[in-house]
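User: I would like to learn how to read unusual backbone features in a protein model. Could you take me through them one step at a time?

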Amino acid sequence: MPSLDQSRHLATELPGPVSRKLAQRRAAAVARGVGSTMPVYAVRAAGGIVEDVDGNRLIDLGSGIGVTTIGNAAPRVVDAVRAQVDEFTHTCFMVAPYEGYVAVAEQLNRITPGSGEKRSVLLNSGAEALENAVKIARSYTRKPAVVVFDHGYHGRTNLTMSMTAKSMPYKSGFGPFAPSIYRVPPSYPYRDGLLDKELASNGELAAARAIDIIDKQVGADNLAAVVIEPILGEGGYIVPAEGFLAALLAWCRENNVVFVADEVQSGFARTGAMFACEHDGVAPDLICTAKGIAGGLPLSAVTGRAEIMDAPHVSGLGGTFGGNPIACAAALAAIATVENDGLIERAQQIERLIKDRLFRLQAEDDRIGDVRGRGAMIGLELVRSGTSEPDPELTAKLSDAAHAAGVILLTCGTFGNVVRFVPPLAISDELLNDGLDVLGEALAAL
């Protein structure tokens, strides 16, 4: 059991006096372009609680944007990291390799979807994984173009900004962007249904719409990769209609196009399966992972079919810190925690609990346009009363009210109108219900 008291407690108003002093130091030292959701400064975290420097205990419904899936400072991870630090902290795998990197690659090859021979490369961040997936796909196909999707998010590097749909805050003022990136519509059942009921429920029809645009604007002969989040994350926790991903994969296989699943946010039990694409029976050619991979330490990976992964020349892939030995030790412990502690089943329980509460709220409040998601990755789309028009103002006020009451709540969505619930799987039902009580009370007050 976590040593940190698993209850919400406000010792001061938020932010408290010590956090306010730290904010003054931050303003003088940290670039203003780095934003923060909460005005407080953390000192410890465990289970479903983050404690700040003023002694306030906050309910964590954000997991550091989906990173601490197995819980903060998970015991296996802490023990593994301590043991590795005692041995060595860095050699660079490209200089003097070590077993930990190989062991993580073996585990990823084992647990990712698909039964064929696979290979992995380890990196540092989700964006770096996506960059390398594109490099690998281009090397394998000898084609330049990449197709991504409206509402998609893939990172903050130049290439991944180019692949990301939303301008503010991710892209605005940072161009010019990488060439040969094309964007097509995804399956967005709630908003598709406002125009065409069949399109909302028929994933194959939504895929045909995207493929028609690809054929006309790109052409399969020019296309290296189709890159998609199986559940669109920053774009609004959008779950595609059944059949959408499978239809895209089938088209890619027929046309020598690499199908890349960006599971940076949705991987490692987050959605009630080890990977979100498993819900759709899809085994991608390449899968990109990060966030929940190493219990809070920086690590990412590209895993995929051996013949594709082995296409780049020797030394064409790598990086100084990629697959750092400490992060590798943490990843092995994180995977063991998921598999041995029943966390896939726990994510399914969390889905039922959150959706039950949100559906009850929706029945009483027409400002809740949609409730969607899988596992501990649930989105609540807010609209103006009596319409389907996005309401980002209400969303911001709701999140601010939750923050003031001691609940870490994140928002997302291309229109800024989605509240996302992405708690650690170590959170208790009691804490979840307390956080949802706060949300319900705040929404009623607004």
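Analyst: What follows looks at peptide bonds and then at phi angles. This is a predicted model, in which local features need pLDDT of at least 70, side-chain atom pairs count only at pLDDT 80 or more, and totals for chains, interfaces and linings use all residues. Residues are numbered from 1 along each chain as its sequence is written, and side-chain values use heavy atoms, with hydrogens and water left out.

User: Which peptide bond leading to P15 or P176 is cis, and where do these prolines lie?

Analyst: Most peptide bonds are trans. Here the bond from L14 to P15 is cis, with omega near -5°, and P15 belongs to the segment before α1 (17-29). The bond from G175 to P176 is cis as well, with omega near 5°, and P176 sits in the loop between α6 (158-163) and β6 (181-184). Helices (H or I, at least four residues) and strands (E, at least two) are DSSP runs, numbered from the N terminus.

User: What is the phi of A73, and where is A73 found?

Analyst: Most residues other than glycine have a negative phi. A73, however, has a positive phi near 55°, and this residue is in the loop between α2 (63-66) and α3 (75-87).

User: What is the phi of S315, and in which loop is S315 found?

Analyst: The phi of S315 is also positive, near 75°, and S315 is placed in the loop between α11 (306-309) and α12 (325-340).

User: Is S315 buried or exposed, and how accessible is A73?

Analyst: Buried means under 20% relative accessible area, exposed over 50%, and partly exposed in between (1.4 Å probe, protein chains only). S315 is exposed, with a relative accessible area of 68%, whereas A73 is partly exposed, at 45%.
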